[in-house]
Amino acid sequence: MTIWRPRQAIRVIAIGLHWRDRRLLAAEVTDDTGRVKGVRPLGGGVEFGESWRDTLMREFAEELEITVKITGDPLVMENIYSHEGQQGHEVVFAAPVVFPDRAFEAQDVIHFQEDGGTDCTARWWDPEQLERDGIALYPVGLAARLRSFPKP
């Protein structure tokens with residue numbers, strides 16, 4: 001298991017909002033013991049000189065080996081959070097994406113690796129059920145923003 005801590009700098013990230021039957025694709029976020037403490041839509045850090053759009057395309061190509069289509073403007077949020085007692089700070093571009101036809105349609109769970117080799121598990125989650133079950137949707141504030149965001 002990899003122990004992860006937030007960078008001690010502002011990080012710009014782009015995440016893709018992919019929906020299936022009103023459920024959002026998100027990867028598990030674990031604490032140091034391996035317990036799932038929340039979920040976060042797939043994506044990653046914007047590299048120097050890269051647009052948020054290019055980041056989304058690159059991240060899905062690297063992690064899931066697919067080409068996504070960005071279908072709308074992003075929600076832009078600031079996320080100041082704490083993970084395992086360490087503060088993190090992000091500016092988040094969260095944009096709707098669609099997968100190529102039939103990509104992962106027969107799968108309820110997707111296993112993949114991040115570029116550092118960290119094993120990840122993603123599945124489609126109902127944001128309202130997450131809230132009822134006390135499972136966090138990261139970044140903080142995304143669940144509230146999604147309530148007014150159109151879902152396919």
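Hi everyone. Let me begin with what I mean by helices and strands: they are runs assigned by DSSP, with at least four residues for a helix and at least two for a strand, numbered from the N terminus. One more thing to keep in mind is that this is a predicted model.

With those words in hand, let's read along the sequence: the pattern is β-β-β-β-β-α-β-β-β-β-β-α-β-α. That gives 3 helices and 11 strands in the chain. The radius of gyration is 15 Å, close to the 15 Å that the globule rule gives for 152 residues, so the chain is as compact as a globular protein of that length. Along the principal axes, the C-alpha atoms fill a box of roughly 40 × 40 × 30 Å. As for cover, 43% of the 152 residues count as buried.

Now let's zoom in on one strand, β4, which spans residues 36-40. How many of its 5 residues are buried? The count is 4, so to speak of β4 as mostly covered is fair, with buried meaning under 20% relative accessible area.

Who are its partners? Strand β3, residues 23-30, runs antiparallel to β4, and 4 bridges join the two. In that pairing, Glu28 stands opposite Val39. The hairpin they form has 5 residues between the strands, and there Gly34 takes a positive phi near 95°.

β4 also pairs with strand β11, residues 136-137, through 2 bridges, and here the strands run parallel. Gly38 of β4 faces Ala136 in β11 as its opposite residue.

To finish, a word on charge: the chain carries 18 positive and 25 negative side chains, and the centres of the two sets lie 5 Å apart. Thanks for listening!

Conventions. Residues are numbered from 1 along each chain as its sequence is written. This is a predicted model: local features need pLDDT of at least 70, side-chain atom pairs count only at pLDDT 80 or more; totals for chains, interfaces and linings use all residues. Side-chain values use heavy atoms; hydrogens and water are left out. Buried means under 20% relative accessible area, exposed over 50%, partly exposed in between (1.4 Å probe, protein chains only). Two strands pair if DSSP finds at least two bridges between them. The radius of gyration is taken over C-alpha atoms; the globule rule is 2.2 Å times the number of residues to the power 0.38. Lys and Arg count as positive and Asp and Glu as negative; His and the chain ends are not counted. The place of a charge is taken as NZ of Lys, CZ of Arg, CG of Asp or CD of Glu.
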